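Trainee: Could you take me closely through a single part of this model, and show how that part sits within the rest?

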Amino acid sequence: MKLNRKLAVLAILGMTGLFANGVSNVNTLVNKINNTEDVKARGTLLKELDKELSNMDKKQLPAAQEIVNSKLKFSKVLEK
């Protein structure tokens, strides 16, 4: 019985760590995008963010989308 309880605790801790890692990556990418001035680098980071979101678990996706919606700043590109 003790072994089952220990395994359950380890499984919960492992899943919590995975959840925090995925959302943390999204948060880091959003911060990099907001702090980047270069348009090409920003485009590359946006593609990386899109890839991260598409590979994310469905349970993590709402939290990650909330980060993107609340923190991501859209810049206006001036056309000549």
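Mentor: Accessible areas here come from the Shrake-Rupley method with a 1.4 Å probe, and on that basis the protein, which is a predicted model, exposes about 6800 Å², with carbon and sulfur atoms supplying 59% of it. Of its 80 residues, 20% count as buried. The protein has 3 helices and 0 strands, and the part I would choose is helix α3, residues 61-71, in which Ala64, Ile67 and Val68 are buried. Seen down the axis of α3, these buried residues fall within an arc of 95°, so they line one face of the helix. The face turned away from that buried side carries Pro62, Glu66, Asn69 and Ser70, which are exposed.

Val68 links this helix to the rest of the chain: leaving aside its neighbours within four places in sequence, Val68 is in contact with Val26, Val30, Leu49 and Leu53. Those four residues, together with Val68, touch the most other members of the largest nonpolar core, which has 13 residues. Each of α1 (2-35), α2 (39-54) and α3 supplies at least two residues of this core, and α1 gives the most, with 5 residues.

As for confidence, the pLDDT of the protein averages 77, and 69% of the residues score at least 70. Over residues 16-20, however, the pLDDT is below 50, and this stretch has 4 contacts in the model beyond near neighbours in sequence. Where pLDDT is low, the predicted coordinates should not be read in detail.

Definitions and conventions. Residues numbered from 1 in each chain as written. Predicted model: local features only at pLDDT ≥ 70, side-chain atom pairs only at ≥ 80, totals over all residues. Heavy atoms only, no water. Buried < 20%, exposed > 50% of the residue type's maximum accessible area, 1.4 Å probe, protein only. Helix = DSSP H or I, 4+ residues; strand = E, 2+ residues; numbered from the N terminus. Arc of directions from axis to C-beta. Core = buried A, V, L, I, M, F, W, Y, C linked by side-chain atoms within 4.5 Å. Contact = heavy atoms within 4.5 Å. pLDDT = per-residue confidence, 0-100.
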